[in-house]
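Reader: I would like a close look at one part of this model, the salt bridges. Please take them pair by pair and say where the partners sit.

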Amino acid sequence: MALVRAARSSLRRSGGAVGIYASERNKFCEGISSLSHPAPISENAVAGFNSSYIPSIQRINEISLGKRGVKFTPQYQFSHAQAQVVEDSDSEHESSKYPSLEATKPGEKPRVVVLGSGWAACRFLKGLDTKLYDVVCISPRNHMVFTPLLASTCVGTLEFRSVAEPVSQIQKALAKDPNSYFFLASCSGVDTHKHEVFCETVGDQGVSHEPYRFKVAYDKLVIASGADPLTFGIKGVRENAFFLREVYHAQEIRKKLLLNLMLSENPGISEEEKERLLHCVVVGGGPTGVEFSGELSDFIMRDVRQRYAHVKNYIRVTLIEANEILSSFDVGLRQYATKHLTKVGVRLVRGVVKEVHPNKIVLSDGSDVPYGLLVWSTGVGPSEFVRSLNVPKSPGGRVGVDEWLRVPSVEDVFALGDCAGFLEHTGKPVLPALAQVAERQGKYLVGLLNNIGKQNGGKALSAKEISLGDPFVYKHLGSMASVGRYKALVDLRQSKDEKGISLAGFVSWFIWRSAYLTRVISWRNRLYVAMNWATTLVFGRDNTRIG
């Protein structure tokens, strides 16, 4: 015990207190002021006593990966590590390093680090000139999700692979170039003074090693880490509801839906329990919620009634919205959607969710809504990582940017997509979290950085005197939403208050499908989507439950 006390005392003297790790995902790094790497445990503090007294420490031996420039120095790793506060560095900490991808040297291409693999990040990656830059993409997923068609995968209209595009196919340099990489990891902090980002690898069940931390030096940093679903602090949402933003979300929804259908046919299930199991509730009347409700209605009308005849009269869909559904669409289109959804069996409820329990929702008026499947689609807000960054924020808590998508308080940092918003002094409104906004921002920023690179401004702190050209201007191209049964809405107004072309019905559905088919990134996935649509039309949706 004396050895343990001596070791703990030595750890405190060496600056090795790594902080208290938050449970689950609640606490990210708070107050990342002038970010630098935190001090790992000193080897002197650990030497001389049995390390089994601290079972969560693991030694990472020194490794060098040669010309790739990745160096691993002796390091201690804490299991179950969450993102932590990264404090100001001092001389005591300088000799302690994370495993790192070191800064580029003179004569080497500058390095662009991209955080994220969503619409903004992937549009940026697609257009980046890799003759000018090396590129590193850091994301907890290795693919982009074509979100407009994600709802279709929940009921088997499309296969999951049809809406997922590997990042290495979007930017082939990530797989081929010797100094460009994709890292499956999450960013936990940024040191804007040293031009470094701190990351933690993504772990999973069955992986032999614990997640560990490393750092990557950058010349230019693009923050496109996306946003998190909004729950408004309502108790029980994260524990009991399904979100619909990732492929694995759609997989879980599909498994739950099919499980409930099969369980409801088992003997001994009461009438009340059947009704609960087969009650699908969608909270949120935006495009995602409406499209999922429409897909679910199609699945019930065509496939459930044929393949689950014993319970076909029990399954139903309820869409709960606090205001009007599709509030950004034209009034006439909203009325059309309301009538159509009601006609195909979707029950529309205007109300506010107060609390979510494992088997029921409690509304603000005190009424209970039992459910077997709950899908939550009420918009998005800043992620824990974005909230933790010590940079100016736009209204709503996003990373604040100027007219050129730069984070103005620091050098060589840009932000775009759902995680970024214009600062108030720019006089521009915060743009909605839409795929077309993110894509247009990615296209603009890659043009900007390619221009900077051509003028030899790609290295860190070397673009101060370079003209950036015209600022970013967003023009809305319109909105579309499918409402099921070969019907859709097309609103081509440039803003909510302007007049423009509005269409609804079968022609709109044909436009909706054609537009999204052409927007799917690769020809491979376009072929997948077209074949899936044709197969579903002829043979119906697949109701196999796997996993």
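Author: Arg-307 and Asp-303 both lie in helix H10 (residues 287-307), and because they are four residues apart there, about one helical turn separates them. The two form a salt bridge in this predicted model, with 3.9 Å between the closest N and O atoms. Asp-303 is buried, at a relative accessible area of 2%, whereas Arg-307 is partly exposed at 32%. The pair does not stand alone: through shared partners, salt bridges join Glu-295, Asp-303, Arg-307 and Arg-541 into one network.

A second pair within a helix is Arg-276 with Glu-273, where the closest N and O atoms are 2.7 Å apart. Here the partners are three residues apart in helix H9 (residues 271-277), so the separation is again about one helical turn. Arg-276 is buried, with a relative accessible area of 16%, while Glu-273 is partly exposed at 28%.

The next pair involves strands. Glu-196 forms a salt bridge with Lys-215, and their closest N and O atoms are 3.6 Å apart. Glu-196 belongs to strand S11 (residues 196-201) and Lys-215 to strand S12 (residues 213-217), so this salt bridge ties together parts that are 19 residues apart in sequence. Glu-196 has a relative accessible area of 13% and is buried; Lys-215, at 7%, is buried as well. The cut-off for buried is under 20%, so both values qualify.

These pairs are among the 18 salt bridges that the structure holds.

Notes:
Residues numbered from 1 in each chain as written. Predicted model: local features only at pLDDT ≥ 70, side-chain atom pairs only at ≥ 80, totals over all residues. Heavy atoms only, no water. Salt bridge = Lys/Arg side-chain N within 4 Å of Asp/Glu carboxyl O. Helix = DSSP H or I, 4+ residues; strand = E, 2+ residues; numbered from the N terminus. Buried < 20%, exposed > 50% of the residue type's maximum accessible area, 1.4 Å probe, protein only.
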